[in-house]
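Welcome! Below are a few short exercises, each with a worked solution, to help you find your way around. Have a look first, then try each task before reading on.

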Amino acid sequence: MSANKSSVSTKRILSFIWENYKSYPIRWIFAILFRTLTIALATVPALYYKDIINILSQTQVATSEIAQHGISILLIILWIKLVQFIFYRVYDYIIITFEMNIQEKLYNQIFSYLHQHSFQFFANNFSGSLISKVRKCVSGLERFTDMLSWNVLPFILNLILVVGI
């Protein structure tokens, strides 16, 4: 038995995704930038926690100096976390609008392609399955973008930062 399904190559899918990403270069560049800054800022407090432990482990330092250094370091960590939160919210806004614009463009692109088909095509194919295939295509692109921005990019950046620091 041979399957009549046409197979689509990974290269063709990735080129299709890239064509849609190229439509919004500023958004995805800023999304990567703000995601990178958010991840980088998330690793910085660990270095300050190390300083707090080093200060606490010193026995010859007066208690008032320990408290003063500890509070100043905690304020620096608070400031870093606040900036990280702001960068995260900016990233969140950018990626949401980016994905919504790409989804809108994909829906329009796919439905305009479907409109070019003949009446006979729609008579032979169940329209509900066509709609579900369109939704799967668009949600697949969203899942791909989310996978890149929430799994792949943080993994690579954390690996670089942990090994580099």
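## Exercise 1: Salt bridges

Asp92 and Arg89 are joined by a salt bridge, their closest N and O atoms lying 3.4 Å apart. A salt bridge here is a side-chain nitrogen of Lys or Arg within 4 Å of a carboxyl oxygen of Asp or Glu. Before going further, note that this is a predicted model, in which local features need pLDDT of at least 70 and side-chain atom pairs count only at pLDDT 80 or more, while totals for chains, interfaces and linings use all residues. Residues are numbered from 1 along each chain as its sequence is written, and side-chain values use heavy atoms, leaving out hydrogens and water.

**Task.** Find where Asp92 and Arg89 lie, and say whether Asp92 is buried or exposed.

**Solution.**
Step 1: Both Asp92 and Arg89 sit in helix α3, three residues apart, which is about one turn of the helix. Helices are DSSP runs of H or I with at least four residues, numbered from the N terminus.
Step 2: Recall the classes: buried is under 20% relative accessible area, exposed is over 50%, and partly exposed is in between (1.4 Å probe, protein chains only).
Step 3: Asp92 has 18% relative accessibility, so Asp92 counts as buried. Arg89, at 43%, counts as partly exposed.

**Task.** How many salt bridges does a search of the whole structure find?

**Solution.**
Step 1: The search finds two.
Step 2: Besides the pair in α3, the side chains of Glu19 and Lys22 meet in a salt bridge, at 3.4 Å from N to O.
Step 3: Glu19 is partly exposed because its relative accessibility is 46%. Lys22 is also partly exposed, at 41%.

## Exercise 2: Following helix α2

**Task.** Compare the reach of helix α2 with the expected span.

**Solution.**
Step 1: Helix α2 covers residues 25-57, which makes 33 residues.
Step 2: The expected span is 1.5 Å times one less than the number of residues, and for α2 that is 48 Å.
Step 3: From first C-alpha to last, α2 reaches 50 Å, close to the expected value.

**Task.** Which residues of α2 are buried, and how do Ile53 and Ala46 count?

**Solution.**
Step 1: The buried residues of α2 include Phe34, Arg35, Ile39, Leu41 and Ile52. Completing the set are Ala31, Thr38, Thr43, Pro45 and Ile55.
Step 2: Ile53 also lies in α2, but Ile53 counts as exposed because its relative accessibility is 55%.
Step 3: Ala46 is in α2 too, and at 49% Ala46 counts as partly exposed.
Step 4: Now look at partners in space. Ile53 and Gly70 are 17 residues apart in sequence and 9.2 Å apart, C-alpha to C-alpha. Ala46 and Ile77 are 31 residues apart in sequence, with 9.1 Å between their C-alpha atoms.

## Exercise 3: Along helix α3

**Task.** How many Å apart in space are Leu114 and Ser64?

**Solution.**
Step 1: Leu114 lies in helix α3 and is buried, with a relative accessible area of 11%.
Step 2: Leu114 and Ser64 are 50 residues apart in sequence, and their C-alpha atoms are 74 Å apart.

## Exercise 4: Empty space

**Task.** Which residues line the largest cavity, and which helix gives the largest share?

**Solution.**
Step 1: On a 1 Å grid over the protein atoms alone, a cavity is a set of points where a 1.4 Å probe fits but cannot get out, and a pocket is an open set with protein on both sides within 12 Å along at least five of seven lines; lining residues have an atom within 4 Å of a point.
Step 2: A search of the whole structure finds one cavity of 30 Å³ or more. The largest cavity holds about 40 Å³ of space, where a volume is the space filled by probe spheres set on the points, and grid points are joined across faces, edges and corners.
Step 3: Its lining is made up of Glu99, Ile102, Gln103, Val138, Leu141, Glu142 and Thr145.
Step 4: The largest share, four residues, comes from α5.

How values were computed: Helix = DSSP H or I, 4+ residues; strand = E, 2+ residues; numbered from the N terminus.
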